[in-house]
Amino acid sequence: MKLLTLAAGFATGYVLGSRAGREAYEQIVTQVRQVRANPTVVKAQEKAADAVAAKVHEAAPKAAAPKAAAPKTAAPKTAAPKPQPPRRPATAAGPQ
């Protein structure tokens with residue numbers, strides 16, 4: 001599946017960035033149509049769609065169920081503030 005995605009991305013990039021003209025575009029479109037019509041690819045698409053639909057159907061009741069109240073926990077402890085370095089007194093000439 002990753003190889004197919006990579007090939008589709010490469011083909012799309014080539015089509016969009018190509019200066020080879022209409023012939024190269026037509027060749028790519030023809031090849032894409034042949035791949036999409038391949039029975040193995042069609043079966044893989046159907047299998048993937050069925051798997052996604054099954055997972056969505058399985059997860060729907062969980063998503064619709066109200067959430068239980070979370071147990072209350074103690075407030076987190078905060079760190080003590082960092083000590084600030086002493087300030088230099090201002091001089092008549094201003095800051096240096």
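Helices here are DSSP runs of H or I at least four residues long, numbered from the N terminus. On that basis, the predicted model reads α-α-α along the sequence, with three helices and zero strands in the chain. Not much of it is tucked away: of the 96 residues, just 5% count as buried.

Helix α3 makes a good place to start. It runs over residues 39-64, and at 1.5 Å a residue its 26 residues should span 38 Å; the end C-alpha atoms sit 37 Å apart, so the expected and modelled spans agree. There is still a kink along the way, as α3 bends by about 25° at Glu58, with a proline, Pro61, following within four residues. At the N-terminal end of α3, Asn38 acts as the cap, placing a side-chain oxygen 3.0 Å from the backbone nitrogen of Thr40. As for cover, α3 has hardly any: the count of buried residues among its 26 is one.

Then there is the largest pocket, which holds about 550 Å³ of space. Its lining draws on 20 residues, and those nearest the centre are Leu4, Ala7, Ala8, Val32 and Val35. Helices α1 (2-17), α2 (22-37) and α3 each chip in at least two lining residues, but α1 provides the largest share, with eight. In terms of chemistry, the lining of this pocket comprises 16 nonpolar residues, three polar ones and one charged one. Hardly covered as α3 is, this helix still contributes to the pocket lining alongside α1 and α2.

Key
Residues numbered from 1 in each chain as written. Predicted model: local features only at pLDDT ≥ 70, side-chain atom pairs only at ≥ 80, totals over all residues. Heavy atoms only, no water. Expected span 1.5 Å × (residues − 1). Bend = angle between axes of the 7 residues up to and from the residue. Buried < 20%, exposed > 50% of the residue type's maximum accessible area, 1.4 Å probe, protein only. Polar contact = N/O pair within 3.5 Å; in protein donor to acceptor, adjacent residues only side chain to side chain. 1 Å grid on protein atoms, 1.4 Å probe; cavity = no way out; pocket = protein on both sides within 12 Å on 5 of 7 lines; lining within 4 Å. Points joined across faces, edges and corners; volume = space filled by probe spheres on them. Nonpolar A, V, L, I, M, F, W, Y, C, P; charged D, E, K, R; others polar.
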